[in-house]
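Subject: Structure for you to look at

Hello,

Please find the structure below, followed by notes on what was found in it. Keep it open while you read.

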Amino acid sequence: MTEERSLNFLEEIIEADLRAGKYQQIVTRFPPEPNGYLHIGHASSICLNFGLTQRYPGYTNLRFDDTNPTTEETEYVESIKEDVRWLGFEWKHERYASDYFDTLFEYACQLIDRGLAYVDDLTPEQIATQKGTPTQPGVESPYRTRSIEENRDLFSRMKSGEFPDGARTLRAKIDMAHQNMLMRDPILYRIKHAQHHRTGDKWCIYPMYDFAHGQSDSIESITHSICTLEFVPHRELYDWLIEKLEIYPSHQYEFARRNINYTVTSKRKLLQLVQERHVSGWDDPRMSTISGLRRRGYTPDSIREFCSRIGVAKRENLVDVGLLEFCVREHLNKIALRRMVVVDPLLITITNYSGEVEELQSENNPESETGGTRPVPLSSQILIERSDFMEVPPKKFFRLAPGQMVRLKSAYIIRCDEVIKDGRGEVTELKCTYFPESKSGSDTSGISVKGTLHWVSLAQALPVELRLYDRLFSVEDPTDSEADFKSFLNPQSLQVIKNAYAEPALEAANESDRFQFLRQGYFVMDKDSTSDKLVFNKTVGLKDVWAKEAKKS
RNA sequence: UGACCCAUGGUGUAACGGUAGCACUACAGAUUUUGGUUCUGUCUGUUAAGGUUCGAAUCCUUAUGGGUCAACCA
């Protein structure tokens with residue numbers, strides 16, 4: 001399949017570079033800022049960067065762009081490493097932009113010495129106003145003409161902590177009238193008396209992204225520095241610094257970030273959802289974070305497959321979340337153990353069944369020949385899904401109804417003889433008879449039925465909690481309007497079933513085990529499970545053509 | 001009203017001057033002891049107008065539409 005696939009534009013560039021002998025091997029990097037958890041959009045970038053060096057000779061680094069100590073934390077570093085590994089990738093070198101603070105400071109001094117940088121005393125507001133607008137040129141700072149000696153002195157005093165936060169900045173001296181706003185004397189260093197998660201209080205000046213990212217790539221000899229489209233205008237500055245500093249010429253390439261409908265993929269917005277308690281945490285199963293998807297029951301394989309299918313390009317996009325769901329169903333269908341769980345129970349008494357408990361066998365996974373079977377107990381009282389019975393069924397309802405026959409999965413065919421109701425007319429019980437000669441696997445009854453139901457023997461039923469999830473937002477693109485994206489939160493995104501009834505085999509389940517609950521969907525055992533009550537998260541439902549059919553009429 | 005980026009079915013992505021293909025979705029059918037899975041088939045597309053060419057989704061021009069850029073964030 002990979003060999004059949006056509007190349008994306010980055011692979012074409014790389015193959016051309018390799019063919020031309022420009023490089024013997026390629027080096028890429030995944031460069032997150034440790035200020036939040038990774039999300040599905042990052043997965044795309046991870047698969048791209050690491051995937052490229054699996055396909056072509058070379059390697060990929062994990063580099064934390066940790067140049068802003070006030071937002072960065074070790075907790076995020078750890079989660080990012082865990083997520084990258086969980087996705088199935090291993091980096092060559094673990095690096096930090098902060099590893100290069102000394103070198104970066106040296107670079108800054110070089111620019112000063114060559115008259116290409118100056119210390120500015122303007123306030124943030126002043127800098128903003130004199131920057132101009134995209135259609136109007138900016139004006140030069142009065143401090144732009146300071147002597148090299150003065151700049152050197154001031155910059156080293158900035159470093160030694162003589163000035164308070166925000167008092168001065170180091171700026172590149174480029175062109176205040178440049179078409180590209182980023183070339184209008186961009187700030188290179190700012191003063192921040194803040195504890196850094198790695199360098200502690202060694203520094204009180206920190207480089208800006210633009211003065212750290214490109215040079216870090218260069219220091220690591222990154223051949224292909226891949227980032228998203230919003231950094232296109234940064235490339236000119238990136239190249240300018242490489243040229244002036246005369247350092248290894250990494251080249252930046254940009255691709256369009258992947259957007260997915262009915263969710264948000266922005267660390268800032270995800271952080272808001274966490275802080276304002278709209279979700280239970282970064283790993284809430286409704287979140288688009290890697291940790292959320294993991295807790296939801298997604299597999300690394302399915303996420304990688306998704307990233308591969310959506311591809312890489314430069315145009316704006318909004319990927320249908322249905323494709324992600326397709327990918328996880330496809331994988332889980334192959335690997336998930338089948339179990340029976342009744343969500344909304346209706347009691348059936350099999351009137352001609354003996355009092356004994358019979359042990360039946362049911363396959364663990366019909367997709368797997370080596371999957372084996374597990375025992376399932378059957379007795380005269382069982383539970384079926386309330387929605388699998390209708391007193392007045394529509395046509396093509398292949399389930400239970402008065403006088404109608406149906407098969408109990410891996411067991412017998414039963415017929416509904418009598419409907420018992422309570423005082424309010426609510427159906428409380430069904431009296432059925434079973435056909436002993438219709439036993440699964442050795443059916444000689446000659447009866448053929450259209451429907452097969454999942455069921456659980458009442459006496460052996462295991463009470464479990466189910467958490468059912470729906471999309472977090474009720475509109476395709478919550479960020480596409482003036483309104484606060486949180487106003488589009490779907491109030492029905494979480495539904496908890498406190499008491500569902502599971503077959504006893506589920507007792508042996510462990511955290512993170514994945515199952516298909518027959519005719520319902522895929523579920524994963526959650527970490528909130530206790531010995532008293534197992535908790536399962538619904539990963540995704542099965543395709544349900546009957547639901548569609550029923551909706552039509 | 002500047003610069004830059006982008007434009008192919010409902011969605012995502014191919015076609016590198018020579019038959020617009022693949023996947024998802026939707027729809028129809030077959031199989032099925034999960035109305036699952038699997039299998040078969042069908043619908044739907046080159047933003048527009050000019051130009052170059054024997055031939056244009058592809059090259060050129062213009063228009064239109066969308067996106068990005070004015071944080072001491074990344």
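Helices and strands here are DSSP runs, of at least four residues for a helix and at least two for a strand, and they are numbered from the N terminus. Please also keep in mind that this is a predicted model.

**Two loop residues with positive phi**

Using that numbering, Ser-410 can be placed in the loop between strand S16 (405-408) and strand S17 (413-421). Most residues other than glycine have a negative phi. Ser-410 has a phi near 65°, which is positive although the residue is not glycine. Ser-410 counts as buried because its relative accessible area is 9%, and the cut-off for buried is under 20%.

Asp-185 is another residue other than glycine with a positive phi, near 45°. Its place is the loop between strand S5 (169-172) and strand S6 (187-191). With a relative accessible area of 0%, Asp-185 is buried.

**Aromatic pairs**

The structure holds 20 aromatic pairs. One of them is formed by Phe-50 and Phe-89, whose ring centres are 5.3 Å apart and whose planes are at 25°, so this pair is stacked. The cut-off behind that word is an angle under 30 degrees between the planes. The two residues are 39 apart in the chain and link distant parts of it: Phe-50 is in helix H2 (residues 40-55), while Phe-89 is in the loop between helix H3 (74-86) and strand S3 (94-96). Are these two residues buried or exposed? Phe-50 is buried, at a relative accessible area of 3%, and Phe-89 counts as buried at 6%.

Phe-105 and Phe-155 form a stacked pair too, with 4.9 Å from centre to centre and 15° between the planes. This pair also links distant parts of the chain, with Phe-105 in helix H4 (residues 101-113) and Phe-155 in helix H6 (residues 148-159), 50 residues apart. Both Phe-105 and Phe-155 are buried. They belong to one aromatic cluster, together with Phe-101, Tyr-189, Trp-203, Tyr-206 and Phe-211.

**Charges over rings**

The ring of Phe-105 has a further partner: the charged end of Lys-159 sits over it, 4.6 Å from the ring centre. Elsewhere, Arg-471 has its charged end over the ring of Tyr-262, 3.8 Å from the centre.

**Helix packing**

Two packed helices are described by the angle between their axes and the distance between the axes. How do H4 and H6 run relative to each other, parallel or antiparallel? Their axes come within 9 Å and cross at roughly 160°. Angles over 145 degrees count as roughly antiparallel, and H4 and H6 are therefore roughly antiparallel to each other. The crossing of H4 past H6 is right-handed. On the H4 side the contact is made by Phe-105, Ala-108, Cys-109, Ile-112 and Asp-113, and on the H6 side by Ile-148, Asn-151, Arg-152, Phe-155 and Lys-159. Phe-105, Phe-155 and Lys-159, described above, are thus among the residues of this contact.

For helix H1 (residues 9-19) and H2, the axes come within 12 Å and cross at roughly 40°. That makes H1 oblique to H2. H1 also passes H2 in a right-handed crossing. Leu-10, Glu-11, Ile-14 and Glu-15 of H1 meet Leu-48, Leu-52 and Arg-55 of H2.

**Three single residues**

Gln-215 is in helix H7 (residues 209-219) and counts as buried at 2% relative accessibility. Gln-215 and Leu-104 are 111 residues apart in sequence, and their C-alpha atoms are 7.6 Å apart in space. Leaving out residues up to four places away in sequence, Gln-215 touches Leu-104, Tyr-107, Asp-210, Leu-241, Leu-245 and Ile-247.

Ser-266 lies in the loop between strand S9 (251-255) and helix H9 (267-275). It counts as buried at 17% relative accessibility. Apart from residues up to four places away in sequence, Ser-266 touches His-39 and Arg-257.

Glu-125 is in helix H5 (residues 124-130). Its relative accessibility is 56%, so Glu-125 counts as exposed, the cut-off being over 50%. Glu-125 and Phe-101 are 24 residues apart in sequence and 27 Å apart in space, from C-alpha to C-alpha.

Regards

Note on methods
Residues numbered from 1 in each chain as written. Chains lettered and ligands numbered in written order. Predicted model: local features only at pLDDT ≥ 70, side-chain atom pairs only at ≥ 80, totals over all residues. Heavy atoms only, no water. Buried < 20%, exposed > 50% of the residue type's maximum accessible area, 1.4 Å probe, protein only. Phe/Tyr/Trp six-rings, centres within 6.5 Å; stacked < 30°, edge-to-face > 60°. Lys NZ or Arg CZ within 6 Å of the ring centre and 35° of its normal. Axes fitted to C-alpha atoms, helices over the stretch in contact; angles between N-to-C directions. Parallel < 35°, antiparallel > 145°, perpendicular 65-115°, else oblique. Left-handed = near helix turned anticlockwise from the far one by under 90°. Contact = heavy atoms within 4.5 Å.
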